[in-house]
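Here are some short exercises to work through with the structure open beside you. Try each task before you read its solution.

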Amino acid sequence: MALRHLFVNLICFGLLGFVSAQDEIKEIRISGSYQSVPVQEFLNDLTQNYHLNVYYKQGWLDGMSIQATFNDIPLIQALNRVFGQRKVTYRFFQNSIVLYPRELRGETIRTDGEQTVIYVGDPINRGRYKKATLQGMITDGKVGDRLVGAVIQITDLGKTISTDGQGGFEMELPTGRHQLQLSYMGFEMRAQEIDLIESGEILFELFEETHELDEIAVKADNLGSSRTQMSMARVNAKTIKELPVLMGEADVIKSMVMMPGVQSVGELSSGFNVRGGNTDQNLVLLDGAPIYNTSHLFGFFSMLNPDGISDVILYKGGLPASYGDRVASVMDVQLKAGNTNKLEFYGGLGLINSRFTLEGPLVNDKKSSFLLGGRSTYSDWILRQMRNVKFRNSVAHFYDLNGNVNLQLSDKNNLKLMGYASSDEFNLNSNSVYQYDNLIGALNWRLGIGPKVVSDFNASYSRYKFNLSEEYENNSALEYKMKTGIEYLGTKYNLIFLPNGRMKLNAGFQLNWQNLNPGEIVPSEKVTSIEYEKVSDEQALGSAAFAGAEVDLSDRLSMTAGLRYSRFSALGEATIYLYDPNYSPSAEHIIDSLQFGKNDVIKTWQGLEPRLSFKLSLNDGSSFRWAYQRVHQYLSQISNTSVISPADFWKISDYHTSPLISDQVAVGYFKDFTRKGLETSVEAYYKRLQNLVEYKNGAQLVMNHHLETDIIQADGYAYGLELYVKKATGRLNGWLSYTYSRTMRKTDNEFDEEIINNGKYYPSVYDKPHDLSVIANYQIARRWRLSGNFVLSSGRPTTLPELRYSYGGEQMVYYSDRNKYRMPTYHRFDVSLTFDENLKRKRMWKGSWTISIYNLYARKNPYSIYYQRQAEDLSGGLFGLYKFSVIGIPVPSITYNFRF
Amino acid sequence: MKKYIAILAGFCTLLSACEEVYNANLSEVENLLVIEALLTNDASKNYVKIAKTQNFYSRKGQQRVAGTTVTISDKSGNSYSLPENSTGYFITEFSAVPGESYRIRVEAEGEVYESGYETIPPVVSVDSIYVQPETTIAYIYNDLGEPTATEITGMTVFADLSLTEDLRYYRFSLPRTMEYVVPPPPPTGSPKPGPPWEQGGSPESIWGWMNFRQSGVFPIHGPATYGSESVLKKRKLLFLRNTVGTLLSASRVIDGAYMVGWIVDMSVFGMNEKSYKFYESVNDQLKAEGKLFDAVYAQLTPNFTCITNPGKKALGYFEVSSYAYRRFFVMALAGSDHTYFHYVEHPWPIPVSGEIEGSNPPVFWENR
């Protein structure tokens with residue numbers, strides 16, 4: 001305690017400005033050789049040989065040894081080498097050196113704002129260089145995790161960069177003193193002055209927000225991964241876990257739909273919609289591997305375990321040239337690397353599912369790590385306990401497993417292996433059992449080649465399989481399984497060159513092979529009336545080459561330019577039918593066929609995809625940004641349901657089906673009000689779409705050997721305005737996003753069967769003009785946190801019956817033009833109260849409780865509006881329309897999260 | 001532990017979806033012409049109805065359209081102008097020939113609507129009807145979704161249907177008549193009398209019958225979607241109760257009524273594939289429940305177009321099917337595996353539901 005008092009007193013002195021002598025002792029040059037001896041010996045030498053006072057507590061240095069040789073080097077460099085990676089750090093005070101645990105340092109900074117200066121380089125070289133390259137890394141000071149996407153602002157130069165996928169950074173700066181501001185969402189902002197003498201490396205640590213003070217400076221990154229990046233949404237693991245969610249299960253995608261321009265169909269929906277795009281227009285990457293179904297349990301949860309996630313970035317526009325394949329967005333999900341320092345086990349127990357994660361060092365070198373996580377549900381068991389026979393006859397369960405091994409082969413050589421597997425099975429009191437699973441693997445190898453070149457290699461595999469079992473209690477001969485699936489194998493290489501701090505270049509290529517099973521009927525029994533049937537597999541070879549450049553054209557104007565060339569070949573074996581051009585394609589109008597052997601090229605599609613964006617920085621710290629992108633999409637999901645279901649299958653662009661092409665222009669204004677802790681942005685976009693997949697009326701999609709005869713290709717456009725205000729700091733923080741958008745379709749084809757709504761524009765099923773999300777977190781006390789979110793959006797377009805008539809003695813209806821009507825407005829308010837884990841670091845077992853209420857005021861938001869014939873009897877002889885709400889009452893939940 | 005389970009179950013019950021009537025603000029739109037036409041090899045079954053739709057929430061009944069003409073022609077060059085039996089209702093004076101192709105032409109409200117040629121399949125020969133006793137459990141749900149199980153005893157009527165190159169799709173119409181009998185009340189203090197056939201002779205009894213029309217989803221049968229059958233084996237036609245139970249309305253519940261059996265008037269239509277697909281769409285609409293992952297909606301597409309104004313829409317269908325008729329009697333006794341089944345060779349007309357009192361049943365009556 002006495003030492004702590006001493007330390008505090010010293011800091012008080014520091015406040016009075018008694019720091020002038022510090023520079024003198026830093027310049028003292030020392031020598032000595034220490035081979036695996038206790039650190040105390042080194043400190044004793046400092047006292048005895050250089051007459052320096054060193055204050056510390058004996059217990060802090062227990063077990064700490066030193067192996068180093070110093071040959072006439074500045075004291076500050078020696079101390080950096082001794083304590084650079086330790087739990088204990090140091091501070092100069094006049095002619096004294098004060099040692100203290102690192103967490104005390106954080107308190108010091110927060111208390112009095114005092115800063116130390118970090119010297120990079122040997123002072124003897126001062127003035128020798130005009131510019132120098134500063135490399136380094138930012139880590140979580142508590143657990144050692146590398147912080148991907150942390151932001152470094154060089155405030156005196158008005159420059160900003162962010163850390164890469166490994167938490168590293170590199171920039172060229174003029175030598176001399178610079179003020180840095182380091183920030184990362186959920187972590188305390190750190191201000192740090194550096195004195196850059198020559199090129200060198202530096203390690204920064206940031207600490208999680210600890211809520212001990214009234215004013216906590218947490219600054220989130222809204223600046224993106226490139227100089228000019230816009231139309232990007234980002235959530236990290238902490239944000240995901242703080243949102244009140246259904247059944248208490250934190251969810252990546254449910255969090256992302258709170259961002260501007262991102263929407264979902266409703267509670268029971270898989271995936272999400274970006275700027276009016278279909279769900280299949282989003283490329284979701286898990287450590288670089290594509291995911292083809294992102295949902296568990298009818299879409300209640302996403303398939304991503306929140307505990308295993310490090311960072312999620314969604315590109316809605318301004319797509320870097322290294323990305324492509326989907327026209328609406330790319331969601332890049334980075335899995336967390338394991339802890340390199342210690343073994344940790346944590347997880348959560350929820351009402352219908354539980355999860356766990358185990359992570360730790362792989363070997364004792366504290367460089368390599370592993371992480372293994374999983375989730376499973378006990379909803380099946382719960383359903384069996386229900387009195388309602390509909391539930392008792394239902395099945396609903398899932399599990400997922402994720403794991404990775406992160407091998408830090410050297411400071412610049414990192415290898416990461418990832419694996420993921422999931423399985424779902426459910427039926428809803430019917431003969432149909434839905435079953436599907438994902439299997440995903442990825443290898444990512446990042447290699448620093450010299451100080452300015454980084455090589456990124458990815459190899460990935462993804463497989464999605466769906467199985468629908470039709471079961472008949474009294475007639476097993478009619479039982480069958482319908483199978484669909486998709487398999488992907490791909491590789492990507494990206495070479496990044498950083499010639500100087502004003503420019504970043506990259507170039508690379510992608511290659512992938514895909515095999516699709518559009519449908520297969522397999523009898524379930526040996527004695528069967530079912531004939532085996534299979535729609536021919538589809539195969540494709542995709543490739544792309546890309547190059548991009550980020551350049552500071554001037555102090556205020558930055559540009560990112562890129563070009564991507566994509567190519568896609570549909571491969572045999574296949575029989576391609578040719579149709580009479582005088583009729584809309586149909587099986588009756590086949591006039592010829594083409595036979596293609598295995599791996600023969602059926603059709604090749606290709607296109608150039610330019611990408612260009614600019615950022616103009618203004619004096620007040622705000623910026624204007626502009627971006628254009630063209631993207632080709634060669635793979636579509638075939639679905640005529642109002643929401644995406646696991647049964648929906650994929651189809652490639654082939655002989656008859658053209659690829660979807662999107663051109664998007666976006667413009668935005670971004671401004672941060674640092675003093676108020678506010679980030680704001682306004683973005684507007686316009687998108688033009690060609691060759692969208694639509695369907696003829698009455699289209700039969702499943703097991704269709706001539707699917708092209710039921711597909712219509714439509715054109716469309718979308719536009720919108722997105723407003724975003726975020727308060728990332730203070731006891732009350734959160735964000736507000738509002739989007740006004742429209743997304744329209746048109747089928748202007750030759751034949752009547754291919755025309756929807758008389759060839760006029762009609763709203764897409766995802767057209768929701770108004771969308772508002774408000775998220776707020778309030779830190780009530782040190783460990784108590786109250787969170788709430790409110791969402792409000794226009795109802796989805798829907799098609800309703802307008803006319804009725806009699807046929808065969810039965811009342812029939814005639815439906816309106818497609819999507820002529822709109823469902824009622826969707827709104828919902830959720831709250832949660834969290835009792836956070838104990839902040840004492842020494843406590844082995846830490847637990848937190850979250851109580852949440854989803855849909856607090858019991859809004860019966862419509863999932864669908866539909867006609868039901870039985871309603872005749874209920875509405876006095878009139879026909880009835882029904883509104884189906886998935887959740888019509890408040891849903892409470894409680895979750896216990898633990899860590900040890 | 002049980003409490004814990006109850007709490008968990010309660011949470012899940014809370015999640016259960018809710019469904020309620022929704023009053024949409026629908027536009028008033030122009031009504032469309034509806035052409036409902038059936039052409040078979042039996043002239044008495046043929047008809048063409050020309051009517052107009054009504055707006056969805058309109059309380060008006062369907063309006064027939066006056067001043068229309070209907071012509072049916074075949075590929076052999078014959079053309080038949082149909083007489084109008086009543087406003088907008090036409091009959092034929094000819095029977096169509098299986099294997100021949102026909103098309104319809106309707107002139108109404110200044111426009112001409114015409115179909116393509118549709119071919120009549122061969123006439124159906126249905127002689128493999130059979131019955132099996134069956135007990136089903138029906139669940140009646142209260143407001144909380146809690147079920148009460150009710151056992152219903154009865155019988156299921158099956159058919160084996162042949163598949164040929166020209167005939168693969170069937171549609172049934174199965175109106176039926178329930179026969180019951182009420183013996184005379186016993187003298188005071190005497191036990192309840194058995195049914196007349198157990199008492200010997202034909203005592204004075206009440207002979208009652210109740211008609212049920214074919215309604216709801218159309219019974220259609222065809223090869224399984226992915227099937228390779230050569231015969232459609234054991235296709236379920238209908239389920240019938242074997243007790244009068246709640247079938248008699250309150251005013252006619254008579255203590256001591258015995259079910260005699262069912263008379264089923266079976267009409268079988270042999271359809272072509274296009275008609276079968278149309279009726280599948282009809283059934284999709286009739287069965288629509290808004291279930292999870294249901295297709296968005298089932299729009300019915302007619303097989304005719306307006307040739308004078310291609311943008312003009314009309315609804316309905318011109319069904320060209322072969323027709324066959326059989327009447328049969330069927331009964332399965334409660335608590336027994338014994339069943340009764342026979343075809344009725346002389347199908348007397350059955351009046352509307354009613355009762356007569358006497359020692360002899362009505363002329364159409366069928367006994368076990």
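**Exercise 1.** Which residues make a nonpolar surface patch of about 790 Å²?

*Solution.* Before starting, note that this is a predicted model, where local features need pLDDT of at least 70, side-chain atom pairs count only at pLDDT 80 or more, and totals for chains, interfaces and linings use all residues. Residues are numbered from 1 along each chain as its sequence is written, chains are lettered from A and ligands numbered from 1 in the order in which they are written, and side-chain values use heavy atoms, with hydrogens and water left out.

Step 1: the patch is made by A:L732, A:Y778, A:I780, A:W784, A:L786, A:L833, A:W849, A:I851 and A:I894.

Step 2: two strands of chain A, β47 (784-793) and β53 (846-854), each give two or more residues to the nonpolar patch.

**Exercise 2.** Find the salt bridge partner of A:E722 and place both residues.

*Solution.* Step 1: a salt bridge is a side-chain nitrogen of Lys or Arg within 4 Å of a carboxyl oxygen of Asp or Glu. A:E722 forms one with A:R275, with the closest N and O atoms 2.8 Å apart.

Step 2: A:E722 lies in strand β43 and A:R275 in the loop between β16 and β17 of chain A, so the pair ties together parts 447 residues apart in sequence.

Step 3: A:E722 and A:R275 are buried (under 20% relative accessible area, 1.4 Å probe, protein chains only).

**Exercise 3.** Describe the salt bridge between A:D307 and A:R355.

*Solution.* Step 1: the closest N and O atoms of A:D307 and A:R355 are 2.6 Å apart.

Step 2: A:D307 and A:R355 are both buried.

Technical notes: Patches are made of residues with over 30% relative accessible area and no salt bridge: like charges are joined within 9 Å, nonpolar side chains (Val, Leu, Ile, Met, Phe, Trp, Tyr) within 5 Å. Accessible areas come from the Shrake-Rupley method with a 1.4 Å probe; for residues, only the protein chains shown count as cover. Helices (H or I, at least four residues) and strands (E, at least two) are DSSP runs, numbered from the N terminus. Buried means under 20% relative accessible area, exposed over 50%, partly exposed in between (1.4 Å probe, protein chains only).
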